[in-house]
Amino acid sequence: MDWSKIKYFTPDEFRCKYSHEVHMDESFVMAIDELRRRYGKPLRITSGFRHRTKHPIEARKRTVGAHTTGKACDIGVSRGDAHHLLHLACEMGCFTGIGIQQKGGGRFLHLDMATTRDLKGTWRPNIWSY
């Protein structure tokens, strides 16, 4: 991954909080960078790369999640800003997974570019709420 191509983010923003590794897919991070440009203000990445066995959320899963492929992140955003960001993400047309969490204190938008090859048995594109 050539981080010199990325204008708005650093590797630390996508680093796994448990393994301290950051194995992000370059095309995914470039898409998030473009989304940030279109959005016009900073985005807070709350979860990027997740190690398959060291990250507790991923360790509990039966099959790999999109975060383990380096093709996913969660962005801390709420209310009208979440709606605007969701609109822009859909407009870009490159995100195959969109998860929306807009209740309670931990509001975020999950975006990924995972494929059925990355996540066996999962149909894409896919939109869900938590």
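Q: Which residues does His23 touch, not counting residues up to four places away in sequence?

A: In this predicted model, His23 touches Phe49, Thr69 and Gly70 once residues up to four places away in sequence are set aside. His23 itself belongs to the segment before α1 (26-39). Its relative accessibility is 46%, so His23 counts as partly exposed.

Q: How far apart are His23 and Gly104 in sequence and in space?

A: They are 81 residues apart in sequence, and their C-alpha atoms are 30 Å apart in space. A second pair may be read in the same manner: Thr53 and Ala72 are separated by 19 residues in sequence and by 17 Å from C-alpha to C-alpha. Thr53 is located in the loop between β1 (44-47) and α2 (56-59). With a relative accessible area of 58%, Thr53 is exposed.

Q: What does rolling a probe over the atoms show?

A: A probe the size of a water molecule, rolled over the atoms, shows where empty space is left. In this structure, a search of the whole model finds one cavity of 30 Å³ or more. The volume of the largest cavity is about 40 Å³.

Q: Which residues line the largest cavity?

A: The lining consists of Arg15, Cys16, Lys17, Ser47, Gly48, Phe49, Arg50 and His55. Phe49 has appeared already, as a contact of His23. By class, two residues of the cavity lining are nonpolar, three are polar and three are charged.

Q: What is the volume of the largest pocket, and which elements give two or more residues to its lining?

A: The largest pocket has a volume of about 280 Å³. The elements giving two or more residues to its lining are β4 and β5. The largest share, three residues, comes from β4.

Q: How many residues line the largest pocket, and which lie nearest its centre?

A: The lining comprises 18 residues, and those nearest the centre of the pocket are Lys61, Gly65, Ala66, His110 and Trp128. By class, the lining has seven nonpolar, six polar and five charged residues.

Q: How do the side chains of a regular strand alternate?

A: They alternate between the two faces of the sheet. For the strands of this model, one may begin with β3 (residues 97-101): four of its five residues are buried, so the strand is largely enclosed by the rest of the structure.

Q: In which sense does β3 pair with β4, parallel or antiparallel?

A: The pairing of β3 and β4 is antiparallel and extends over five bridges. Within it, Ile98 has Leu111 of β4 as its bridge partner. The hairpin of β3 and β4 has six residues between the strands, and Gly104 in this hairpin takes a positive phi near 75°.

Q: In which sense does β3 pair with β5, parallel or antiparallel?

A: Here the sense is parallel, with four bridges between β3 and β5. Ile98 takes part in this pairing too, with Ile127 of β5 as its bridge partner.

Q: What sign does phi have in most residues other than glycine?

A: In most such residues phi is negative. His20, which is not a glycine, nevertheless has a positive phi of about 65°. His20 lies in the segment before α1, and its relative accessible area of 54% makes it exposed. Arg79 is another residue other than glycine with a positive phi, near 55°. Arg79 is placed in helix α3 (residues 79-92). Arg79 is likewise exposed, with a relative accessible area of 56%.

Q: How many aromatic pairs does a search of the whole structure find?

A: The search finds five aromatic pairs. One of them joins Phe9 and Phe14: the ring centres are 5.7 Å apart and the planes stand at 70°, so the pair is edge-to-face. Both Phe9 and Phe14 are buried. Ring pairs also bring Trp3 together with Phe9 and Phe14 in a cluster.

Q: Why is the pair of Phe108 and Tyr130 tilted?

A: The ring centres of Phe108 and Tyr130 are 5.1 Å apart and their planes lie at 50°, so the pair is tilted. This pair links distant parts of the chain, 22 residues apart, with Phe108 in strand β4 (residues 108-112) and Tyr130 in the segment after β5 (126-129). Phe108 counts as buried at 16% relative accessibility, whereas Tyr130 counts as partly exposed at 38%.

Notes: Residues are numbered from 1 along each chain as its sequence is written. This is a predicted model: local features need pLDDT of at least 70, side-chain atom pairs count only at pLDDT 80 or more; totals for chains, interfaces and linings use all residues. Side-chain values use heavy atoms; hydrogens and water are left out. On a 1 Å grid over the protein atoms alone, a cavity is a set of points where a 1.4 Å probe fits but cannot get out, and a pocket is an open set with protein on both sides within 12 Å along at least five of seven lines; lining residues have an atom within 4 Å of a point. Grid points are joined across faces, edges and corners, and a volume is the space filled by probe spheres set on the points. Ala, Val, Leu, Ile, Met, Phe, Trp, Tyr, Cys and Pro count as nonpolar, Asp, Glu, Lys and Arg as charged, and the others, Gly among them, as polar. Rings of Phe, Tyr and Trp (its six-membered ring) pair if their centres lie within 6.5 Å; planes under 30 degrees apart count as stacked, over 60 as edge-to-face and the rest as tilted. Buried means under 20% relative accessible area, exposed over 50%, partly exposed in between (1.4 Å probe, protein chains only). Two strands pair if DSSP finds at least two bridges between them. Contact means heavy atoms within 4.5 Å.
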